[in-house]
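Colleague: Before we discuss the empty space in this model, could you take me through the terms as they come up, setting each value against its definition?

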Amino acid sequence: MNSFVYPPRIEIARLPTPCQPLRRLSDRVGTEIHIKRDDLTGIALSGNKIRKLEFVLADALAKKADAVLTCGGAQSNHARATAVAAAMLGLRCRLLLRTPDPGNPPPAEGNILLDRMAGAEIVWISPAEYQNRSKIFEREAALLKNEGHTPYIIPEGSSNPIGAWGYIRATEELKNDLAALGPEVPTTIVHATGSGGTAAGLALGARLFDLPARTVTFNVCEDQTHFLKVIEGICEQAISEFQLPIDFDRDRDLHIIDGYVGRGYALSRPEELRLICEVARTEGIFLDPVYTGKAFFGMVQELKKRPGIFGKRILYIHTGGIFGLFQNRGQELKFQ
Ligand SMILES: Cc1ncc(COP(=O)(O)O)c(C=O)c1O
């Protein structure tokens, strides 16, 4: 293993998360699938975000912050995870949430309900304002400073070099999980990408820990070109900021399968929702419609088109997002 030093971390996640076989689904799709239950990291089922926040919030505390600001879509899992973790640490939390009409914000359902219950202050902003959110971050941070606070800004999805440490560290766990599955066979780790931090951490961790598996991610918004740039950017920044002994090569280290955004970010197609129900019925596991369900759908479609594409074994990372199921999805699902 290459030598490096972890940055400070606060231990708020329940780790290691379990890894379990999906026996019946494996039989159905003809490839052995295991699922890494990162939906069980704790902090109100906060999924992958908590791994990143362990490092990001340690940095905030080291900088004596007593208020955190972050951003996301109205139903952002990351914003909710930040709100809950902030409450746990006694930090003030302000969220910039994107909505088509900020004067008429969405009801307090799903993640918004939890944001509110955890005491986060919500600033509703339009998609155009979201594009220029750095200005709004500055304005809100200045307001908090005027009230005597020391604010700390967390970028979308905690997807920056510090946040990436969450999934560098997860790679150590994944290596143990793979070893526990028995003799090595060609294996692919599969997960969803929304802002790129998870993929960046996994790409760096795979190199640092010589992970005996390829990692493939499915983007649930934007496209492959966008995410190659974003993930490579986070990796390169992390390598230089933390002096990581890695010669990063985007063609070798990043594998993004595009084509499964479907109707668009956070919008579902009936076939995606049907698969979410199928997984719940065959394995008792609930994927979410925005991230994990879409990536799982992409994975199953790819297996149908190109059997063997993922080797003999798949380790699917369930990155959480359960509360995305609770906004009027009952009607859409129709329980087919
Ligand atoms: C449940 C869930 N899974 C996966 C992702 C994607 O992770 P990342 O933002 O690190 O790409 C997100 C957030 O974007 C998420 O909330």
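Modeller: The largest cavity holds about 150 Å³ of space, a volume being the space filled by probe spheres set on grid points that are joined across faces, edges and corners. This is a predicted model, in which local features need pLDDT of at least 70 and side-chain atom pairs count only at pLDDT 80 or more, while totals for chains, interfaces and linings use all residues. Residues are numbered from 1 along each chain as its sequence is written, and side-chain values use heavy atoms, with hydrogens and water left out.

Colleague: Why is this called a cavity, and what is a pocket?

Modeller: On a 1 Å grid over the protein atoms alone, a cavity is a set of points where a 1.4 Å probe fits but cannot get out, whereas a pocket is an open set with protein on both sides within 12 Å along at least five of seven lines; lining residues have an atom within 4 Å of a point. The lining of the largest cavity has 20 residues, with N48, K49, A192, Y291 and T319 nearest its centre.

Colleague: How do you know what takes up the largest cavity?

Modeller: The space taken by the ligand is the largest cavity, and a molecule sits in a cavity if more than half of its atoms lie within 2 Å of its grid points, so the ligand meets that condition here.

Colleague: What makes K49 a residue near the ligand, and which others are among the closest?

Modeller: A residue is near a molecule if one of its heavy atoms lies within 4 Å of it; 16 residues surround the ligand, and K49, K52, S195, T198 and T319 are the closest.

Colleague: Why are the approaches of N48, K49 and T198 to the ligand called polar contacts?

Modeller: A polar contact is a pair of N or O atoms within 3.5 Å (within protein, one must be able to donate a hydrogen and the other to accept it, and residues adjacent in sequence count only if both atoms are side-chain atoms). A polar side-chain atom of N48 lies 3.1 Å from a ligand oxygen, K49 likewise places a polar side-chain atom 3.1 Å from a ligand oxygen, and a side-chain N or O atom of T198 is 2.7 Å from a ligand oxygen, so these pairs fall within the cut-off.

Colleague: How much space lies in the largest pocket, and which residues lie nearest its centre?

Modeller: The largest pocket contains about 710 Å³ of space, and among its 28 lining residues Y130, R133, E156, G194 and S195 lie nearest the centre.
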